Amino acid sequence: MVRIQSNITLSVGLALHAFFLFGTSSPTIFADAQSVTYSTGSRGTDCATNPGGGYEPITTAEECQAAATNGGFDYSDNNPSNPGGCNLTWGTNLVSFNTDNNNGSGEFSVPFCKFRDYALLSKSGVTTTGVTHVEGDMGTSPIDAGSLTGFGLIMHSSNTYSTSTLVDGKVYAADYATPTPSKLTEAVLDMEAAYDDAAGRPDPDYTEHGSAGNIDGFTLEPGLYKWGTDVGFTSSLTFQGNGPASDDVWILQIAGNLEVGSTARVELTRGAKAENIFWQIAGTTDIGTYSHMEGIFLCKTNIVFKTGSSMNGAALAQTAITMDATTIEHRRAEEEEETRKLRSSGYLRRKA
């Protein structure tokens, strides 16, 4: 995968992905040898001003010009070195291809704009028992609010969302007042597209890592991992980045189930961020008792959080999510750092 930054001239027949990364003021472009697509507003603050995002195929000069307009690029159809191509430029810097590869990971992030605020999103409901705590929004669609059980929901006067003493955020369901149903539909479609995006990444850096999917005690460097089996670990798993300033990406393609043992923990080191770790799981996801996970979980079926388990990231299930006295924290890297500082100063202590 070639990562291209700043200006770019691309011929039709390449794949173009453009989106704003956290803390950047200009688009970052990625290309591979697939059909041309573009995306704007997929991540970062641009989601607030351009929530449309999503992918659109570029097959004509008109669509190329639209991509330039939506992405803030300059458009030209008369580049002598690329006649008739889709020529997009940013500023006046020299057009260049490089092999930066996202600080060595070889992968660019899975786009997630319309569901970026959801700690929990499912198509078949969310159930909890025990004293669960969720930081972030929660939603379900196309099923209605009756599938959100154990939360003691309190409807807001607008009828567009509800609240719960167990959720530090808003709760949405498909049968709430407009515009909630349409927003949930978009979020679920985006969730499914993100799953397909992650599942469809070609040329893995690692295949069948570990013995029969057992990755207990492993340290994973950035990259694309692919398993045709179940995957699991019983005690620990570490994601190690290339340093605090890096924006490394991990994508784990799992064709079977994910099994996490009791008290097992995922650790992040050397700048690894939960928001850049994508677990694409075709089977079921089973998070063991009192275990801790990190990352964005894109699951084709259900996710089960057993008693006392916890996660920093997001759980996105195409069926149901079940929890038992579970803690879900949905914070980005900059929020994590601020929380870490507060906890170390004694001003903030983790909930029991």
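Here are four short exercises on this predicted model, each with a worked solution.

**Exercise 1.** Find out how many helices and strands the protein chain has, and what share of its residues is buried.

*Solution.* Start with the secondary structure: the protein chain holds 5 helices and 31 strands. Next, turn to burial: of its 352 residues, 49% are buried. Then look at the surface, where the accessible area is about 14,900 Å² and carbon and sulfur atoms account for 51% of that.

**Exercise 2.** Check whether the span of helix α4 agrees with its number of residues.

*Solution.* Helix α4 covers residues 180-199, which is 20 residues. The expected span is 1.5 Å times one less than the number of residues. For α4 this gives 28 Å, and the end C-alpha atoms lie 28 Å apart, so the two agree. While you are there, pick out the buried residues of α4, among them L184, A187, V188, M191 and Y195. An α-helix has 3.6 residues a turn, so residues three or four places apart point the same way.

**Exercise 3.** Place N312 in its strand and decide whether this residue is buried or exposed.

*Solution.* N312 sits in strand β29, residues 310-317. Its relative accessible area is 3%. Buried means under 20%, so N312 is buried. Finally, compare sequence with space: E275 is 37 residues from N312 along the chain, with 8.9 Å between their C-alpha atoms.

**Exercise 4.** Do likewise for I251, taking P204 as its partner.

*Solution.* Strand β22, residues 250-254, contains I251. With 0% relative accessibility, I251 is buried. P204 is 47 residues away in sequence, and the C-alpha atoms of the pair are 9.2 Å apart.

How values were computed
Residues are numbered from 1 along each chain as its sequence is written. This is a predicted model: local features need pLDDT of at least 70, side-chain atom pairs count only at pLDDT 80 or more; totals for chains, interfaces and linings use all residues. Side-chain values use heavy atoms; hydrogens and water are left out. Helices (H or I, at least four residues) and strands (E, at least two) are DSSP runs, numbered from the N terminus. Buried means under 20% relative accessible area, exposed over 50%, partly exposed in between (1.4 Å probe, protein chains only). Accessible areas come from the Shrake-Rupley method with a 1.4 Å probe; for residues, only the protein chains shown count as cover.
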